[in-house]
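Please look at the sequence and the structure together before reading on. The notes below are meant to be followed with both in view.

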Amino acid sequence: MTKKKGIIAIIVVILIIISGAYYWYTKSNETKKDDYTLGTVARSNIGLSIDATGTIEPVNSVDLSATASGTLEKVYVKQNEKVTKGETLATIESKH
């Protein structure tokens with residue numbers, strides 16, 4: 001009887017090893033599978049938006065000075081507006 005129990009024990013150990021190897025093999029193949037997300041194809045416009053903080057520096061800067069003194073009556077241009085040569089920027093109230 002002891003020889004019979006030994007053979008049964010060996011068969012049980014072999015079955016446990018085979019079932020463990022099968023379980024490990026199937027689990028390792030599941031992690032290797034690629035995951036895909038399916039969707040419909042449609043034409044669309046692509047847009048890009050950027051949010052940033054900081055100081056904006058001008059490309060060109062000009063310091064203005066005047067030889068006449070007085071109070072500004074009217075300013076004809078806005079800040080950062082493009083101007084051309086000879087354009088009147090402001091009028092000064094002159095004291096006669």
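What follows is a short briefing on confidence, a surface patch and two individual residues.

This is a predicted model, and the mean pLDDT of the protein is 84, with 90% of its residues reaching 70 or more. Where pLDDT is low, the predicted coordinates should not be read in detail.

**Confidence by element**
- Among the elements of the protein, the lowest mean pLDDT, 85, belongs to helix H1, which covers residues 2-32, while strand E1 has the highest, at 87.

**A nonpolar patch on the surface**
- Val-62, Leu-64, Val-83 and Leu-89 together make up a nonpolar patch on the surface, and their accessible area adds up to about 380 Å².
- One of these residues, Leu-89, is found in the loop that runs between strand E1 (71-75) and strand E2 (90-93).
- Leu-89 counts as partly exposed because its relative accessibility is 32%, a value that falls between the limits of 20% for buried and 50% for exposed.

**Asn-80 in the loop**
- Asn-80 is placed in the loop between E1 and E2, and its phi is near 65°, which is a positive value in a residue other than glycine.
- Asn-80 has a relative accessible area of 77% and is therefore exposed, since exposed means over 50%.

**Ser-94 after the strand**
- Ser-94 lies in the segment after E2, and because its relative accessibility is 44%, Ser-94 counts as partly exposed.
- Although Ser-94 and Gly-70 are 24 residues apart along the chain, their C-alpha atoms are separated by 5.6 Å.

Methods:
Residues numbered from 1 in each chain as written. Predicted model: local features only at pLDDT ≥ 70, side-chain atom pairs only at ≥ 80, totals over all residues. Heavy atoms only, no water. Patch = residues over 30% accessible without salt bridge, like charges linked within 9 Å, V, L, I, M, F, W, Y side chains within 5 Å. Areas by Shrake-Rupley, 256 points an atom, 1.4 Å probe, with all protein chains shown as cover. Salt bridge = Lys/Arg side-chain N within 4 Å of Asp/Glu carboxyl O. Helix = DSSP H or I, 4+ residues; strand = E, 2+ residues; numbered from the N terminus. Buried < 20%, exposed > 50% of the residue type's maximum accessible area, 1.4 Å probe, protein only. pLDDT = per-residue confidence, 0-100.
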